[in-house]
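Thanks for coming. I have one structure to go through today, so please look at the picture while I talk.

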Amino acid sequence: AQLVEADAYSLVLENGRAVGVQTRDGRRFLGDGVLVATGGMSYPSTGSTGDGYRLAKQAGHSLVEPVPSLVSLVAEGGDCRRMMGLALKNVSLTLEENGKPVFCEQGEMLFTHFGISGPLVLSASAWVRDLKKYRYQAVIDLKPALSAEQLYARIGRDFDLLAGKNAANCLQKLVPATMQPVLLERWGVDPELRVNQIDRAARLELVRLLKGFAVPIRERGDLQHAVITAGGVPVKEVNPRTMESKKTPGLYFAGEVLDLDAYTG
């Protein structure tokens with residue numbers, strides 16, 4: 001086996017069979033077969049610049065469009081930027097596609113200057129398909145350990161202790177400081193309203209927000225920072241027992257160059 005490193009190279013094909021590779025300067029490396037294990041297009045600084053897709057096309061393969069996966073998500077609006085740097089633990093994140101849940105897990109996430117990131121978000125991103133065709137939003141349950149009824153009671157107890165204060169200061173025990181202005185704005189309650197004047201309807205609305213803090217998604221993060229690349233050589237064009245190309249004998253594929261990906265970790 002020979003590891004070929006070059007700025008650019010192509011397959012050497014003889015009678016329809018892959019027998020080696022040729023570098024741009026004309027050097028040939030021949031063998032019994034060629035294994036393409038170049039990775040996808042994520043983190044190109046590591047060398048995964050999409051060369052494998054070019055070789056696959058040279059051998060007659062079609063390609064599922066490569067897109068970033070296990071990646072941060074870019075949000076609509078400016079709320080995430082206002083909470084930039086805020087890490088949340090033990091929250092539940094549900095990814096909705098056209099209003100229907102396609103992913104739900106509990107764990108950790110992070111607000112960034114462009115949207116959301118962290119372990120939960122990276123896993124959720126694997127379920128994002130065509131952003132031009134489907135509408136996505138991440139819905140965060142900030143209090144997954146409490147039912148809506150239990151959270152309503154908890155809010156009631158907190159508000160009893162804060163009865164003399166105004167609404168602008170009533171979220172201190174419920175969410176981190178950097179999230180309080182955003183949540184208060186979404187809640188729509190007059191910040192100067194006394195806590196003991198906040199009625200049942202407003203308290204129920206606060207429960208709804210805490211159990212379903214929505215972040216509309218505009219796009220995926222870029223390939224420069226994606227953990228993996230989704231898309232690539234269709235698995236139907238590869239023999240699953242040997243990983244040999246069904247298009248070109250002697251050519252084999254392994255790893256992320258294939259249209260096959262999963263969660264990391």
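I will begin with the whole chain and then go to single residues and charge pairs.

This is a predicted model, so please hear every value as computed from it. The chain has six helices and 13 strands. Its C-alpha trace spans about 85 × 30 × 30 Å along the principal axes. The radius of gyration is 25 Å, where a compact globule of 265 residues would have one near 18 Å.

Of the 265 residues, 45% count as buried. The accessible surface comes to about 14,000 Å², and carbon and sulfur atoms make up 51% of that. If we take contacts with a separation of 6 or more, 69% of them are between residues 24 or more positions apart. As for charge, there are 31 positive and 30 negative charges, and their mean positions are 3 Å apart.

Now to the parts. Please find helix α1, residues 51-58. Which of its residues are buried? They are Asp51, Gly52, Tyr53, Leu55 and Ala56. The cover over these buried residues includes five strands that I can name: β1 at 9-14, β4 at 34-36, β5 at 64-69, β12, and β13 at 251-253. Just after α1 comes Gly60, with a positive phi of about 95 degrees.

Next is Leu95, in strand β7, which runs over residues 87-97. Is Leu95 buried or exposed? Its relative accessibility is 0%, so Leu95 counts as buried. Apart from neighbours within four places in sequence, Leu95 is in contact with Lys100, Pro101, Val102, Phe103, Ala124, Trp127, Val128, Tyr136, Gln137 and Ala138. Met41 is 54 residues from Leu95 along the chain, and their C-alpha atoms are separated by 25 Å.

Trp127, one of those contacts of Leu95, also gives a reference point for Asp222. The C-alpha atoms of Trp127 and Asp222 are separated by 16 Å, and the two residues are 95 apart along the chain. Asp222 itself is in the loop between β11, residues 213-220, and β12, residues 228-232. Asp222 has a relative accessible area of 40%, so this residue is partly exposed. If we do not count residues up to four places away in sequence, Asp222 touches Pro68 and Val71.

A second loop residue to look at is Lys143, between β10 at 136-141 and α4 at 148-161. What is the nearest side chain of opposite charge to Lys143? That is Asp158, 7.5 Å away; Lys143 is buried, yet has no salt bridge. With neighbours within four places in sequence left aside, Lys143 is in contact with Leu151, Lys173, Leu174, Leu210 and Lys211.

That brings me to the charges that do pair. In general, side chains of opposite charge can pair when their charged atoms come close. How many salt bridges does a search of the whole structure find? The search finds ten, and I will show three.

Start with Arg82 and Asp79, whose side chains meet in a salt bridge at 3.6 Å, N to O. Both residues lie in helix α2, residues 79-82, three residues apart, which is about one turn of the helix. Arg82 has 39% relative accessibility, so Arg82 counts as partly exposed.

Then there is the pair Arg208 and Glu205, with a salt bridge of 2.7 Å, N to O. These two lie in helix α6, residues 200-211, and are again three residues apart, about one turn. As background, an α-helix has 3.6 residues a turn, so residues three or four places apart point the same way. Arg208 is at 48% relative accessibility and therefore counts as partly exposed. Glu205 is partly exposed too, because its relative accessible area is 25%.

The last pair is Arg218 and Glu219, where the closest N and O atoms of the salt bridge are 3.3 Å apart. Arg218 counts as partly exposed because its relative accessibility is 43%. Glu219, with a relative accessible area of 36%, is therefore partly exposed. Elsewhere, salt bridges with shared partners join Asp79, Arg82, Glu185 and Arg186 into one network.

To leave you with two places to look at again: Leu95 in β7, buried at 0%, and Lys143, buried without a salt bridge. That is the end of my part.

Technical notes:
Residues numbered from 1 in each chain as written. Predicted model: local features only at pLDDT ≥ 70, side-chain atom pairs only at ≥ 80, totals over all residues. Heavy atoms only, no water. Helix = DSSP H or I, 4+ residues; strand = E, 2+ residues; numbered from the N terminus. Rg over C-alpha atoms; globule rule 2.2 N^0.38 Å. Buried < 20%, exposed > 50% of the residue type's maximum accessible area, 1.4 Å probe, protein only. Contact = heavy atoms within 4.5 Å. Areas by Shrake-Rupley, 256 points an atom, 1.4 Å probe, with all protein chains shown as cover. Lys, Arg positive; Asp, Glu negative; His and termini not counted. Charge placed at Lys NZ, Arg CZ, Asp CG, Glu CD. Salt bridge = Lys/Arg side-chain N within 4 Å of Asp/Glu carboxyl O.
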